[in-house]
Each structure stands twice: as structure tokens, then as C-alpha cells.
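Thanks, everyone. Please bring up the sequence and the model, and I'll walk you through a few places in it.

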Amino acid sequence: MGKAHSNAYCQAPHFFDLPFTIKRRLLCGRDTASLAGMAQRWGWEETSTDWRSAIARSDIDAVDICLPNHLHAPVAIAAADAGKIVFCEKPLALSVADARKMADAAHRVQTLVWFNYRRVPAVAYARQLIDEGRLGTIFHYNATYKQQWGSDTSRAGTWKMDPSQAGSGVGDDLLTHLLDTALYLNGPITETVAKARVIAPNRAVDDAVMALVVFANGSAGTFEATRFGIGCKNRKTFEIHGSGGMLRFNLEDLNHLEFLDFSNPSSEQGVRDLLVTDMKHPIFGNFWRPGHIIGYEHTFITALAQFLQCLSKGEEFHPNFADGLAVQEVFDAVQRSAKTRQWTTVVRA
């Protein structure tokens with residue numbers, strides 16, 4: 001994430017007309033030697049092993065949190081109390097209580113949560129088609145996020161396998177991305193029934209989470225997140241069925257969006273594979289000419305640029321800490337349901 005964010009700070013001015021000049025003042029981390037190499041590579045002016053030093057400095061306007069999950073809340077709250085702009089990696093916090101504290105602390109400052117997949121042009125175009133009513137009444141929303149590294153025992157000692165630092169495991173790591181995309185495309189979730197599963201022997205965090213949900217618009221949803229999706233490197237998908245058509249997306253093919261228009265005669269209906277690289281598509285026009293595909297890094301570049309544009313205009317940016325809290329509230333219901341094995345209502349602040 002340090003690379004992804006640093007690249008965005010470097011590249012955003014090359015693709016967007018930004019209202020501010022970005023200065024990479026201070027890079028914080030645990031290891032002095034690796035910090036020095038990273039700072040030289042990405043153009044950071046100074047380094048420190050104390051994150052509090054960033055918050056205390058008057059020449060730093062924004063604090064970007066790329067730390068293990070358990071540190072998100074204390075750093076974000078301290079930064080917000082100091083009046084800093086706060087960027088934070090997902091998930092917002094380890095618990096819904098901490099997420100609410102973060103949102104409350106940051107209500108007077110501008111915030112960004114790095115749910116960067118909202119900035120995939122195909123996902124943004126899906127949102128546009130839904131807003132235009134092209135899918136009509138939504139019936140079903142199905143989503144999966146599958147990676148295959150769960151069986152890799154060499155990762156046993158990493159912070160992502162420690163519940164005190166990471167939280168729940170795949171739920172915090174992958175399911176939260178699915179939930180944010182769902183809230184972005186299909187609106188609030190009201191209740192859920194879920195199950196979490198540990199697959200690797202003696203593992204302290206969950207390897208897989210499955211959930212059924214009900215959306216406020218009446219549609220039904222299914223979610224599956226797993227680190228044991230053998231054959232899937234980074235397969236984040238959604239499939240949406242409505243009275244007017246169908247949309248389907250796979251992050252491993254992120255420049256494409258599948259669309260079926262149900263208003264066509266039955267003899268002409270079929271799923272169309274749209275290459276979302278036209279200058280008229282959302283976001284893409286800031287990068288290359290039509291057909292010249294973009295990648296993962298462009299989603300971070302776009303999120304940062306659009307945040308700065310909103311900041312200069314006094315407009316609200318999304319996803320912000322309120323959006324991150326909404327994800328945490330749904331995830332809290334998923335976790336409670338996995339323990340009780342019962343339908344559970346999403347409790348909102």
C-alpha cells in the first residue's frame with residue numbers, strides 16, 4: 001500500500017489538473033533502512049519511525065494511514081484532533097465502535113477511505129448505468145472475492161494472521177471491499193445471516209466468510225470471500241440482475257463490463273462484453289486513448305485526484321469516514337450473525 005499510495009502522489013498531477021501541489025514531506029515506518037530506500041525511490045523528503053511526528057508538524061496538511069488495521073483508529077483520531085486531512089486504508093477499524101469514534105473525531109476534517117475499486121472505470125460505469133435506470137428494479141446482487149494464498153504457511157507470522165492486529169481475517173481484508181462496492185452500487189443493507197470458516201489448521205483468523213443479505217431496495221444478495229479460492233489470484237466479482245438487464249464484472253479483467261439489455265427483443269438478447277476504455281466512459285478519459293487499457297494503480301491515482309478536486313470546491317468526497325463506518329456496520333452484523341447463526345439486523349449510528 002505504501003507503493004500504491006506513493007505512486008498516486010507522484011502520478012496524479014500527470015493525469016489530472018490538480019488544484020494543489022503535492023509535496024511528499026515525511027514517510028513513516030518501522031525499519032530505518034527500508035524507509036531510506038523507499039523514500040529515495042518515491043521522492044519522500046524525510047523519514048521517521050514515529051508516526052506522531054507527522055501529526056505534530058505544522059508543515060504537514062494530510063496524514064495517510066497504511067498501517068496494520070489495529071493502528072487505524074488511534075492514528076486517525078490523533079490526526080483528526082490535530083486538524084489534519086486524514087486518508088485511511090480499509091477497513092476503517094477493527095470494530096464498529098472504533099469506526100464510530102473515528103468518524104466522530106473526523107467530522108470537521110476532510111477524509112478519504114481507500115476503497116479504490118470504486119475508481120475502476122468499469123465499476124463507475126456500472127454505477128452510471130444503474131443511476132440511469134438501465135437495470136430497472138434490482139432483484140439480485142451477488143458478489144465474490146477469491147484469492148488463493150490461504151494455504152501458504154510462510155505467511156503464518158504476518159500481521160494479517162494475528163487477530164489482535166488484523167481483526168477477523170478475510171472478512172476485514174476482502175469482504176469489506178465487497179461490501180463497499182455493494183453499498184456504492186445497490187444501496188444500504190438491512191440484515192444478514194452469515195457463516196465464517198477457518199480452513200487452515202490452528203489458524204486464529206477466518207479463511208472464508210459467506211453471507212446472505214437483504215438490501216433496503218428489496219433485492220437479495222450473496223457474498224463470499226475466501227483465501228482458499230484456488231485458481232483465483234485476485235478475483236473480485238459482482239453480478240447484478242434487474243428488471244431491465246444484467247451487469248457482471250471481474251476485477252481480474254478490470255477493463256471489461258458485461259451488460260445485458262433486457263429491453264431488446266428476446267431473439268436479440270445476449271450478454272455484451274463492453275471494453276470500458278472510451279473517452280466518454282467515467283474516469284478513463286483522464287488516462288490514455290480508447291482501447292489502451294489501465295490497471296490497478298490508476299484507481300489510486302483517480303481517488304486521490306478526485307479527493308483534491310472535491311477539497312478545492314468544498315464538496316463532499318466519497319468514500320469518506322462516514323462511508324467506511326457504513327461498511328463497518330454491515331460487517332459488524334455479519335460477525336454477530338456468524339456467531340449466533342441467526343438473521344441479524346444492521347445497526348446504524
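Let's start with one residue, I283. I283 counts as buried, because its relative accessibility is 12% and the cut-off for buried is under 20%. It sits in the loop between β13 and α9. Its phi is positive, about 75°, although I283 is not a glycine. Keep in mind that this is a predicted model.

Now a second residue of that kind. N202 also is not a glycine, and its phi is about 65°, again positive. Look for N202 in the loop between β7 and β8. Is N202 buried or exposed? N202 counts as exposed, because its relative accessibility is 83% and exposed means over 50%.

On to the sheet. It is open, with 9 strands and mixed pairing. The order is β13-β12-β11-β10-β6-β9-β8-β7-β14. Which strands are at the edges? They are β13, residues 272-275, and β14; each of them pairs on one side only.

Let me take the β14 end. β14 covers residues 344-345, and 2 bridges join it to β7, antiparallel. Within that pairing, E191 stands opposite T345. Next, β7, residues 189-197, runs antiparallel to β8, residues 208-215, with 8 bridges between them. There, R197 faces A208 of β8. Then β8 and β9, residues 220-226, are joined by 7 bridges, antiparallel once more. V209 stands opposite A225 in that pair.

Next, helix α8. It holds 17 residues, 170-186. At 1.5 Å a residue it should span 24 Å, and its end C-alpha atoms are 22 Å apart, so the two values agree. Still, α8 has a kink of about 35°, centred on T176. How many of its residues are buried? The count is 17 of 17. Just after the helix comes G187, with a positive phi of about 85°.

That brings us to the core. In soluble globular proteins, nonpolar side chains tend to be buried together. Here the largest nonpolar core has 100 residues. F223, F238, L257 and F321 have the most contacts inside it. The element that gives the most to this core is α8, with 9 residues. Take F223. Beyond its neighbours within four places in sequence, its contacts include L175, L178, L179 and A182. Among the others are I189, V209 and F215.

Another phenylalanine, F115, is in the loop between β5 (111-113) and α6 (121-131). F115 counts as buried because its relative accessible area is 2%, and the cut-off is under 20%. F115 and F321 are 206 residues apart along the chain, yet 11 Å separates their C-alpha atoms. Sequence neighbours within four places aside, F115 touches T176, H177 and D180, among others. K90 and P319 are also in contact with F115.

Those last two names lead to the cis peptide bonds. One runs from K90 to P91, with omega near -10°. P91 is in the loop between β4 (85-88) and α5 (96-105). Another joins H318 and P319, where omega is about 5°. P319 is in the loop between α9 (296-313) and α10 (321-340).

Last, cysteines. How many disulfides are there? The count is 0. For C10, the nearest cysteine sulfur is that of C66, 13 Å away. For C88, the nearest is again that of C66, at 8.6 Å. C88 counts as buried, because its relative accessibility is 0%.

Notes. Residues are numbered from 1 along each chain as its sequence is written. This is a predicted model: local features need pLDDT of at least 70, side-chain atom pairs count only at pLDDT 80 or more; totals for chains, interfaces and linings use all residues. Side-chain values use heavy atoms; hydrogens and water are left out. Helices (H or I, at least four residues) and strands (E, at least two) are DSSP runs, numbered from the N terminus. The expected span of a helix is 1.5 Å times one less than its number of residues. The bend at a residue is the angle between axes fitted to the seven residues ending there and the seven starting there. Buried means under 20% relative accessible area, exposed over 50%, partly exposed in between (1.4 Å probe, protein chains only). A nonpolar core is a set of buried Ala, Val, Leu, Ile, Met, Phe, Trp, Tyr and Cys residues joined through side-chain atoms within 4.5 Å. Contact means heavy atoms within 4.5 Å. Two strands pair if DSSP finds at least two bridges between them. A disulfide is a pair of cysteine sulfur atoms within 2.5 Å.
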